[in-house]
Amino acid sequence: MALLPILKFPDPRLRKKAALIATVDDSIRKLAADMAETMYAAPGIGLAATQVDAHKQLVVIDISEDRSELITLINPRITERDGEQVYEEGCLSVPGIYEKVTRAEHVKVRTLTLDGGEREIEAHGLLAVCIQHEMDHLQGKVFVDYLSQLKQTRIRTRLAKQARETA
Ligand code: K1U
Ligand code: ZN
C-alpha cells in the first residue's frame with residue numbers, strides 16, 4: 001500500500017469531474033486501499049479520488065471511533081434525500097478550516113462494491129454529511145463553495161499564508 005499526496009485548495013485539479021468506473025478491477029482495488037491508508041494517516045473520515053488526483057468515481061469513508069468500519073463507494077448515486085442538518089465541516093484539501101454547511105439529513109445511496117456487486121446504503125447524521133461532501137468532490141465541488149465570497153476570500157488568504165510559511 002502507499003500514502004498518496006492530497007491536493008490542496010485552490011488547486012485547479014480539485015475542479016475536475018470524476019469519470020464513471022467501467023470495471024472494478026485490481027487497479028481500482030489498489031487505488032481504494034491506498035486511499036484508505038491515506039485517509040487513516042491524515043487523519044480524516046473520508047477521501048475522494050479527486051483529492052489524490054485520480055479522477056474516477058471512488059470514495060472511502062470511515063466515521064467509526066475505532067476506525068474499523070471502512071465504506072467504499074464506487075460510482076455512487078443518491079436515490080433519496082430528505083431533511084436538513086447543519087454540520088461544521090472540515091476537508092483534508094482545505095487544512096485547518098472548519099465551517100458550517102447545510103446538507104440533507106438523510107440520504108440513500110446506490111453504489112458498486114469492491115467485488116463488482118451493487119448495494120444500497122442508508123445514512124443519517126455525520127455519515128450522510130460525509131457522503132454528500134465526498135460526492136461533491138467527485139463533481140469538482142469543494143465545501144468552501146457553499147460559503148460567502150467574503151469567507152472564501154479569507155480562506156484563500158489564510159491558506160496562501162500557510163503555504164508560504166511551510167515552503
Ligand atoms: O473530504 C475530506 O477532505 C475529508 C474530510 C471529511 C469530512 C469531515 C467533516 C465533515 C464532512 C466531511 C475530513 O475527514 S476532515 C478531518 C476530520 O473531520 C476528522 C479527522 C479526524 C477525526 C475526526 C474528524
Ligand atoms: Zn473534502
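**Pockets and ligand surroundings in the predicted model**

The largest pocket has a volume of about 380 Å³. Of the 22 residues lining this pocket, I45, E89, G90, C91 and Y98 are the closest to its centre. The structure described here is a predicted model. By class, the lining of the largest pocket comprises twelve nonpolar, seven polar and three charged residues. Two elements, β4 and α2, each supply at least two residues of this lining. The largest share comes from α2, which provides six residues.

The largest pocket is also the space taken by ligand 1. The shell around the ligand consists of 14 residues, of which I45, G46, Q51, L92 and E134 come nearest. I45 thus appears both among the residues nearest to ligand 1 and among those closest to the centre of the largest pocket. In terms of class, the shell divides into six nonpolar, six polar and two charged residues. Strand β4, spanning residues 85-89, and helix α2, spanning residues 125-138, each contribute at least two residues to the shell. The helix α2 gives the most, with four residues.

Polar atoms of the protein approach oxygen atoms of ligand 1 from both side chains and backbone. On the side-chain part, a polar atom of Q51 lies 2.8 Å from an oxygen atom of the ligand. A polar side-chain atom of H133 is placed 3.1 Å from an oxygen atom of ligand 1. The backbone is represented by L92, a polar backbone atom of which is 2.6 Å from a ligand oxygen atom. On its own, ligand 1 has 540 Å² of accessible area, and the protein covers 81% of this area. Of the residues that make these contacts, Q51 and L92 are also listed among the residues that come nearest to the ligand.

The second largest pocket holds about 160 Å³ of space. Its lining is formed by Q57, P76, I78, R81, R103, Q132, M135, D136, L138, Q139 and Y146. Two or more of these residues are given by each of β3, which spans residues 71-82, and α2. The largest share of the lining of the second largest pocket, four residues, is provided by α2. Five nonpolar, three polar and three charged residues make up this lining. Helix α2 therefore gives the largest share of the lining in the largest pocket and in the second largest pocket, and α2 also gives the most to the shell around ligand 1.

Backbone geometry was examined as well. A cis peptide bond joins F9 and P10, with omega of about 5°. P10 is found in the segment that precedes α1, a helix of residues 26-41. A cis peptide bond also joins A42 and P43, where omega is about -5°. P43 is placed in the loop between α1 and β1, the latter spanning residues 46-48. In addition, R67 has a positive phi of about 55°, although this residue is not a glycine. R67 belongs to the loop that connects β2, comprising residues 58-61, with β3.

Terms used:
Residues numbered from 1 in each chain as written. Chains lettered and ligands numbered in written order. Predicted model: local features only at pLDDT ≥ 70, side-chain atom pairs only at ≥ 80, totals over all residues. Heavy atoms only, no water. Near = heavy atom within 4 Å. Polar contact = N/O pair within 3.5 Å; in protein donor to acceptor, adjacent residues only side chain to side chain. Areas by Shrake-Rupley, 256 points an atom, 1.4 Å probe, with all protein chains shown as cover. 1 Å grid on protein atoms, 1.4 Å probe; cavity = no way out; pocket = protein on both sides within 12 Å on 5 of 7 lines; lining within 4 Å. Sits in = over half its atoms within 2 Å of the grid points. Nonpolar A, V, L, I, M, F, W, Y, C, P; charged D, E, K, R; others polar. Points joined across faces, edges and corners; volume = space filled by probe spheres on them.
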